[in-house]
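I opened a fresh page to write down what I looked up, one topic at a time. My plan was to go through enclosed spaces, helix packing and the backbone.

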Amino acid sequence: MIFFVYYLGALALAGAELFRPARAPAIPTPRCPPALWVSALVCTYALQVTICASIATAGPWPLAVVRWQEDATGAVAALLAIGLLQAYALLGLYRSGARTPLVVGAALAMAAMSFAPVVTNADLYAYAGNGLLGRFAYTPPSVPFAGDLAAINVWWHAPMPPTTYGPLWLAVARTVTEPFTTLAMKLVALRTLGAASLAGLVLLLRAYGVPARILAIVALNPALYFEFVLNAHNDALPTCIAVAAAIVAPALPWLAALLIATAALVKAPYALAGLPVLAGVRSPVTRVAATALAVASALAASWFAGGAPYLHALSLHATSSGLENGLHVAAGLAAAGTVVAALAGRRRLRGAVWLFPMLGAYTAPWYALWSVPYALGARRVLTYLALTFPFVAMLAEPSLTRLWTLGIVLPAAVVLSLRRFEGSAQPLQSGPS
């Protein structure tokens with residue numbers, strides 16, 4: 001039930017924009033050299049990592065973990081303020097632009113910082129366990145790991161919870177981590193995979209035709225490094241596959257469908273979240289057929305590669321998470337409706353990007369990347385997602401959540417965002433935007 005504020009906020013933002021087109025916020029930014037905006041992003045990210053390290057729980061494990069602490073109010077407030085400042089710096093960078101060498105150099109610096117010995121949750125340890133267990137991650141044994149690998153069980157116990165990730169992820173995690181014997185090196189390998197996935201995402205967006213100024217705010221987005229390199233969440237990998245599907249969809253819709261199914265073999269929600277890229281298929285009949293192929297292939301491959309243990313793990317995860325909560329169901333159905341509208345060629349909504357994280361059993365900021373396939377259909381939506389993500393990531397980070405962030409900051413952010421929809425209602429438009 002603690003997520004109900006997220007559900008209400010996402011529904012309110014998407015619902016308001018559905019009937020009243022959003023206005024671009026009139027936020028002034030001074031004319032500064034691009035290097036100044038870039039420096040602000042790099043320095044604030046370094047400060048973010050430093051603050052997280054100062055409140056993390058250290059122990060006989062390679063990476064200290066930030067856990068919920070009542071006495072970390074000052075740190076939480078500082079991280080929220082930094083996230084807001086980063087969003088502003090990204091807006092300045094978006095307006096000023098930056099040359100490629102500057103962007104690449106700053107991106108490498110932020111990636112290097114992301115290998116700091118701290119994480120804000122223990123998912124990275126679970127990924128190492130996934131690599132060790134392979135297919136047995138769906139039915140983990142009660143035997144704890146030995147040696148320094150026992151740190152995995154400190155955070156995930158023995159037996160570990162059955163994993164909810166797809167069979168392709170288990171194969172990738174095993175391939176990436178198997179060459180290394182120590183837990184520390186396995187974690188480094190997984191972070192390297194996250195950094196490579198993030199770099200691949202930028203390159204694929206470029207191949208898709210995303211303008212340079214949007215690429216810059218993606219490549220230098222501190223929240224992306226925070227969630228997908230520092231914490232190494234695995235959502236960047238299937239997002240790359242979905243963007244590849246968007247690139248080939250107009251000419252090779254069947255290949256695009258199979259790529260969406262492949263993304264779903266990393267994380268199941270991509271079977272739905274990846275479908276908006278098929279809007280690039282011109283023929284309505286072919287688009288419907290490709291959609292059916294993507295979903296059917298994802299289900300069939302998941303059953304063939306993961307079998308009953310995988311589906312049982314997914315059902316356990318869903319039924320123990322409050323997924324049946326009415327507001328969660330409403331938000332999930334709204335996300336599904338957004339996918340259908342996108343496939344039908346309807347106007348893309350900025351606020352709809354916050355519905356896609358509701359497709360999971362829990363709501364987490366790194367799930368915002370699930371909305372990228374939808375956001376690809378309109379540059380203004382992709383821009384909005386990139387600009388707002390630094391603040392949203394800090395606001396929704398589980399270890400940083402407090403009653404005052406849920407009860408005051410988040411509602412205030414939603415109310416301020418709703419001001420963009422003031423004015424007379426206009427009918428819903430169709431076609432690309």
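The entries below follow the order in which I looked things up.

**Entry 1: the kind of model**

Before anything else I noted that this is a predicted model, and I kept that in mind for every entry.

**Entry 2: cavities**

How many cavities of 30 Å³ or more does a search of the whole structure find? I noted three cavities from that search, and I then took up the largest one, for which the volume comes to about 130 Å³.

Next I looked at the walls of the largest cavity, where I found a lining of 13 residues, and I wrote down that L224, L369, V372, L385 and A386 are the ones that lie nearest its centre. I also asked which helices take part, and I found that α8 (183-208), α9 (212-219) and α17 (379-396) each supply at least two residues of this lining, while α17 gives the most, with four residues. When I sorted the lining of the largest cavity by class, I got twelve nonpolar residues, one polar residue and no charged residue.

**Entry 3: the second largest cavity**

I then turned to the second largest cavity, which holds about 60 Å³ of space. Its lining is made of W169, L190, L193, G194, S197, A232, H233, N234, A236 and L237, and I saw that α8 and α11 (236-248) each supply at least two of the lining residues. Here α8 gives the most, with four residues. By class, I counted six nonpolar and four polar residues in the lining of the second largest cavity, with no charged ones.

**Entry 4: α8 and α9**

Since α8 and α9 had both come up in the lining of the largest cavity, I looked up how these two helices lie against each other. Their axes come within 10 Å and cross at roughly 170 degrees, and because of that angle α8 is roughly antiparallel to α9. For the contact, I listed V202, L205 and R206 in α8, which meet L215, V218 and A219 in α9, and these residues divide into five nonpolar, no polar and one charged.

**Entry 5: α11 and α12**

I did the same for α11 and α12, where I found that the axes come within 8 Å and cross at roughly 170 degrees, so α11 is roughly antiparallel to α12. From α11 the contact uses P238, I241, A244, A245 and V248, and from α12 it uses P253, L255, A256, L259, I260, T262 and A263. Sorted by class, the contact of α11 with α12 has eleven nonpolar residues, one polar residue and no charged residue.

**Entry 6: α12 and α14**

At what angle do α12 (residues 253-264) and α14 (residues 284-319) pack? I wrote down an angle of about 30 degrees, with the axes of these two helices 8 Å apart, and I added that the crossing of α12 and α14 is right-handed. On the α12 side I listed P253, W254, A257, L258, I260, A261 and A264, and on the α14 side T286, A289, A290, L293, A294, S297, A298 and Y310. The class count for the contact of α12 with α14 is 13 nonpolar, two polar and no charged residues.

**Entry 7: the loop between α6 and α7**

Last, I went to the backbone between α6 (151-156) and α7 (167-177), where P159 has its place in the loop. A158 and P159 are joined by a cis peptide bond, for which omega is about 0 degrees. In the loop between α6 and α7 I also found H157, and I noted that H157 has a positive phi of about 65 degrees although it is not a glycine.

Note on methods. Residues numbered from 1 in each chain as written. Predicted model: local features only at pLDDT ≥ 70, side-chain atom pairs only at ≥ 80, totals over all residues. Heavy atoms only, no water. 1 Å grid on protein atoms, 1.4 Å probe; cavity = no way out; pocket = protein on both sides within 12 Å on 5 of 7 lines; lining within 4 Å. Points joined across faces, edges and corners; volume = space filled by probe spheres on them. Nonpolar A, V, L, I, M, F, W, Y, C, P; charged D, E, K, R; others polar. Axes fitted to C-alpha atoms, helices over the stretch in contact; angles between N-to-C directions. Left-handed = near helix turned anticlockwise from the far one by under 90°. Contact = heavy atoms within 4.5 Å. Parallel < 35°, antiparallel > 145°, perpendicular 65-115°, else oblique.
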